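Colleague: Please take a close look at the ligand site. Which contacts hold your attention there?

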Amino acid sequence: MEQGKKDETLTILDNRTGKKYEIPVTDGTIRAMDLRQIKVLDDDFGLMSYDPAFTNTASCVSHITYIDGDKGILRYRGYPIEQLAEESTYLETAYLILHGELPDERELAEWMWNITHHTMLHENIKKFIDGFHYDAHPMGMLISSVAALSTFYPEARQIHNTASRLKQTFRLIAKMPTLAAFAYRHMIGMPYAYPDNDLSYPGNLLNMLFKMTEVRYNPNPVLERAIDVLFILHADHEQNCSANAMRNVGSSLVDPYSAIAAAIAALYGPLHGGANEAVLRMLNEIGTIEHVPAFIKKVKAGEGRLMGFGHRVYKNYDPRAKIIKRLADEVFEVTGRNPLLDLALELERIALQDEYFVNRRLYPNVDFYSGLIYQAIGLPIDMFPVLFAIARTSGWIAQWEEMLQDPEQKIARPRQIYHGEEQRDYVPIDKRKYQPSESQAAER
Ligand code: CMC
């Protein structure tokens, strides 16, 4: 990991004043607040940095997830994602992400017991979900129902109370699959299936999604493991849009249910967790392999994006995409091959050779293949980001905990550069000049 050498500094010469400043450099980073001493006049506000979309700004110091985007490395608490995907389970990984260390046997058993025994929802939540239209998007249902949980657990507002935070952590990780499954069952008009505490975390999710009239649902072990691995891969990804939303909203000291609702909303967008849904819609739209070159041509002409490709941080193959590609083969052995796989493989083959994608270092990301697996398991496209949200819950809580315990953090509040009007006087309505819009003028 890039650790800054001691006593490194940056000398800044302000050409406006001829003054020189020496600014400390730590971890290859200067502190934005160190720029504020740089002024032309004593009563100036001081120099700011402008960084729309935070492309070059660290907003926190974190110990959770490490990514080296050039080398395609992802580690949770130091453990390579490849090892966790091979050896661990989602619940064990969630423990690691939240606590910083792998649990011993007793700790893991206790953790699993606590998660398993918080999976039930208050019956009123069912009425709440019943109120949604039959074709409501399940992400909308998830955002609202998670936010609604804050009204059932008002003690969650005690965010500085460690025991209360832990209780909400159990509840959130445990109830998210139940909320997701209830949203799905509502969509398809099926009665809600209650949690089965004898099943594993992913096995129980499959039970709540797919149980029909059988007395006991027996999940297919290959699909159960596939969900577990997908959840491990999605558990955290450092300061992405939704983690930033979680920290940002959480910094107002709101309860974790409300902050998670905000994080899920951030995840919903097609540039983030909604990308797996967008990939499937794109593949359906392309339809056949013969249409791939024409589609690539359109993308290169700026008419749409190749969804599931590109990443702000990875400028190499997303390590999660590699694991998912292998996982897909195992799942397809059980479910039958998803016919869209050939289309995806052809898109990848062409894109990886095409100079447009090569020059911009655009590689398949985690979402390029995950949707194909979810579809093969039998889930509709709308549910893909919902599964992402279940998995990311542990990461969001870990990011929130870290933010709360960091003495340097305060309510998030960026600055702006104001380019609006100077002060002007209010004009009464009868004195305002009517200016028709271009289309109104054209109609006349
Ligand atoms: N297809 C075609 N062109 C692309 C794509 C793409 N998927 N992604 C980036 N580009 C081009 C973009 O047009 C720009 O070209 P130019 O320099 O000529 O203007 C250049 O590559 C840099 O793109 P950018 O938009 O400045 O990059 P970014 O870091 O802001 O965006 C991204 C990252 C993930 C939003 C973007 O790559 C994208 O929209 N990908 C498709 C959506 C997607 O798959 N999202 C899932 C991300 S992984 C899961 C997660 O963490 O949420």
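Modeller: Here is the ligand site, followed by one helix pair. This is a predicted model; local features need pLDDT of at least 70, side-chain atom pairs count only at pLDDT 80 or more, and totals for chains, interfaces and linings use all residues. Residues are numbered from 1 along each chain as its sequence is written, and side-chain values use heavy atoms, with hydrogens and water left out.

Start with the shell. It has 20 residues around the ligand, and His272, Arg305, Leu306, Gly308 and Arg312 come nearest (a heavy atom within 4 Å counts as near). By class, ten are nonpolar, six polar and four charged (Ala, Val, Leu, Ile, Met, Phe, Trp, Tyr, Cys and Pro are nonpolar; Asp, Glu, Lys and Arg charged; the others, Gly among them, polar).

Now the polar atoms. A ligand oxygen is 2.4 Å from a side-chain N or O atom of His272. Another entry pairs a ligand oxygen with a side-chain N or O atom of Arg360, at 3.0 Å. A ligand nitrogen is 2.9 Å from a polar backbone atom of Phe309. Alone, the ligand exposes 930 Å², and the protein buries 73% of that (Shrake-Rupley method, 1.4 Å probe).

Last, the helices. Asp367, Gly371, Tyr374 and Gln375 in α16 meet Phe384, Leu387 and Phe388 in α17 (contact means heavy atoms within 4.5 Å; helices are DSSP runs, H or I, of at least four residues, numbered from the N terminus). These contact residues divide into four nonpolar, two polar and one charged.

Methods:
Polar contact = N/O pair within 3.5 Å; in protein donor to acceptor, adjacent residues only side chain to side chain. Helix = DSSP H or I, 4+ residues; strand = E, 2+ residues; numbered from the N terminus.
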